[in-house]
Amino acid sequence: MAWSSQQYLKFEDERTRPARDLMAQVPLATASRAFDLGCGPGNSTDLLVERFGAANVTGLDSDENMLAAARNRLPAVTFDKADLLNWVPDAPVDLLYANAVFQWVPDHVSVLVKLMDHLKPGGVLAVQMPDNLSEPSHLMMEETGLAGPWRKAFEGEKVRRKRLPPPSTYLDRLGPKSLRVDVWHTVYYHPMADAAAIVEWVEATGLRPYLDAAGAENREAFLADYEARIDKAYPPTADGRRLLAFPRLFLVAVKGQD
């Protein structure tokens, strides 16, 4: 699945807000080695650089388009290509920070447990993930997927990403390796200009696997069907805009002594 940094950054302020909220809960004043896992185009990496300095920060992503945008944005920072399913640092680090990436990683809870072993004592694992599969924005993807000539590509669980486990799972799995684990949800409410703006938002992230599965020949028809459903699912507010609710799950785990 290819990603587009240009499409992603059309809503940079809104996408960076949860990254800032996550960073605000990282209990580190300094860090000699901090990694931005799934750095995307570097908007979240900016936050690590502001606090810890470019020389102490490394960004990782699996997508070349995102890495190119990040390197252009922050030329003093090291950015490397990596698959988070298998990646581990070569020595213990102070911070592993991940904004909106682990929802895409299979069995991500086990991956997070493994990463705890690569933190220094007192080091921090900080993670934010969208938890929005029950929202109309994503339910309408399912409806559109089953509504057109592309429907066979969407039968079963071929496309939809898995739901996040309950917060207790993170506490249970990360707790034995941690001094403390904080887990919480925040729902962001984004006023969007119209239904087309909501489609444009999700086209950079959650909608991409659906468009890939439908095929290039069906792209415009798929988008038209989806936008019509979004138009009905998100009625206008008093000023004519549409209110997009976006729940996100956060967790911050502080490593205990080895």
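Student: What is the volume of the second largest pocket?

Tutor: The second largest pocket has a volume of about 280 Å³. The model is predicted, so local features need pLDDT of at least 70 and side-chain atom pairs count only at pLDDT 80 or more, while totals for chains, interfaces and linings use all residues. Residues are numbered from 1 along each chain as its sequence is written, and side-chain values use heavy atoms, with hydrogens and water left out.

Student: What makes a space a pocket, and what makes it a cavity?

Tutor: On a 1 Å grid over the protein atoms alone, a cavity is a set of points where a 1.4 Å probe fits but cannot get out, and a pocket is an open set with protein on both sides within 12 Å along at least five of seven lines. Lining residues have an atom within 4 Å of a point. Grid points are joined across faces, edges and corners, and the volume is the space filled by probe spheres set on the points.

Student: Which lining residues are closest to the centre of the second largest pocket?

Tutor: They are Gln 103, Val 105, Pro 106, Arg 161 and Lys 162, out of 15 that line the pocket. The lining divides into seven nonpolar, two polar and six charged residues. Ala, Val, Leu, Ile, Met, Phe, Trp, Tyr, Cys and Pro count as nonpolar, Asp, Glu, Lys and Arg as charged, and the others, Gly among them, as polar.

Student: How many cavities of 30 Å³ or more are there?

Tutor: Three. The largest cavity holds about 50 Å³ of space, and the residues that line it include Trp 104, His 138, Arg 161 and Tyr 210.

Student: Why is Thr 16 called buried?

Tutor: Buried means under 20% relative accessible area, exposed over 50%, and partly exposed in between (1.4 Å probe, protein chains only). Thr 16 has 8% relative accessibility, so it counts as buried.

Student: Why is Asn 56 given another label than buried or exposed?

Tutor: Asn 56 has a relative accessible area of 27%, so it is partly exposed. Asn 56 sits in the loop between α3 (43–52) and β2. Leaving aside neighbours within four places in sequence, Asn 56 is in contact (heavy atoms within 4.5 Å) with Ala 31, Ser 32, Arg 33 and Ala 34.

Student: Why is helix α5 described as largely enclosed?

Tutor: Helices (H or I, at least four residues) and strands (E, at least two) are DSSP runs, numbered from the N terminus. Helix α5 covers residues 108–116, and seven of its nine residues are buried, so it is largely enclosed by the rest of the structure. Among the buried ones are His 108, Val 111 and Met 116. The cover over them includes β4 (93–99), α7 (167–174) and β7 (242–255).

Student: What makes two strands a pair?

Tutor: Two strands pair if DSSP finds at least two bridges between them. β1 and β2 are joined by four bridges and run parallel; Leu 37 has Leu 60 in β2 as bridge partner. β6 and β7 pair in the antiparallel sense over 14 bridges, with His 190 opposite Leu 244 in β7.

Student: In what order do the strands of the open sheet lie, and why do β3 and β6 stand at its edges?

Tutor: The seven strands run in the order β3-β2-β1-β4-β5-β7-β6, with mixed pairing. β3 (78–81) and β6 each have a single partner strand, so one side of each is left without a neighbour in the sheet.
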